[in-house]
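User: Please examine the following protein model with me. I have a few questions about its pockets and sheets.

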Amino acid sequence: MMVCGSHPQVGNAKHNVHVMNISTGKKVKGGSSKLTGRVLALSFDAPGRLLWAGDDRGSVFSFLFDMATGKLTKAKRLVVHEGSPVTSISARSWVSREARDPSLLINTCLNKLLLYRVVDNEGTLQLKRSFPIEQSSHPVRSIFCPLMSFRQGACVVTGSEDMCVHFFDVERAAKAAVNKLQGHSAPVLDVSFNCDESLLASSDASGMVIVWRREQK
């Protein structure tokens, strides 16, 4: 589920995306659309005008969202890879001082973490680069580091089926892998920072959660 203003957006196993009225709990008129598969991932851009949804058949759809009325309008579709579930979508207005294009970070079961550039106001995506991870079957998720725009470099963090947490600098032309955390004994499914990046939580398929503290320099 995603929340934008007073309208939460939900996806379901019946291939639908719905905008809900948070006061009544009912679907908003004109706020529903159908995808090609089960909805697994949702993400808004920062202004709340664009919504992306990923499904279990390898497609990512963009929708124009009217915050005043809750209306959804389907805009674009990208087939990332036919039959490979899209398990995570994370949007960022701009990645770093050097890369000011809106970007989308996508996990799909291709043993790669994918970084896309958003090229227009309808959410059209263009592949910028990919990073090697292990993901062939589990619902692995990734995130942009919350403070990346205020320092040199631009980091993303992802889980992986190799039981590690991986850090990549998206602006490095070579040797983008900058860190790897080991400690899990099952595929790492999700990662989440606190607001100042001093703590990182990671969870795995066995139900274990590890909280990592950043070393103070």
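User: How do the residues of the lining of the second largest pocket divide into nonpolar, polar and charged?

Analyst: This is a predicted model, in which local features need pLDDT of at least 70, side-chain atom pairs count only at pLDDT 80 or more, and totals for chains, interfaces and linings use all residues. Residues are numbered from 1 along each chain as its sequence is written, and side-chain values use heavy atoms, with hydrogens and water left out. A pocket is an open set of points on a 1 Å grid over the protein atoms alone, where a 1.4 Å probe fits, with protein on both sides within 12 Å along at least five of seven lines; lining residues have an atom within 4 Å of a point. With Ala, Val, Leu, Ile, Met, Phe, Trp, Tyr, Cys and Pro as nonpolar, Asp, Glu, Lys and Arg as charged, and the others, Gly among them, as polar, the lining divides into 8 nonpolar, 3 polar and 4 charged.

User: Which strands stand at the edges of the sheet S5-S6-S7-S8, and why is one side of each left without a neighbour?

Analyst: Strands (E, at least two residues) are DSSP runs numbered from the N terminus, and two of them pair if DSSP finds at least two bridges between them. The 4 strands form an open, antiparallel sheet. One side is left without a neighbour because each edge strand has a single partner strand; the edges are S5 (39-44) and S8 (72-79).

User: Which residue in S6 stands opposite Val39?

Analyst: S5 and S6 (residues 50-55) run antiparallel and are joined by 5 bridges. Opposite Val39 stands Asp55.
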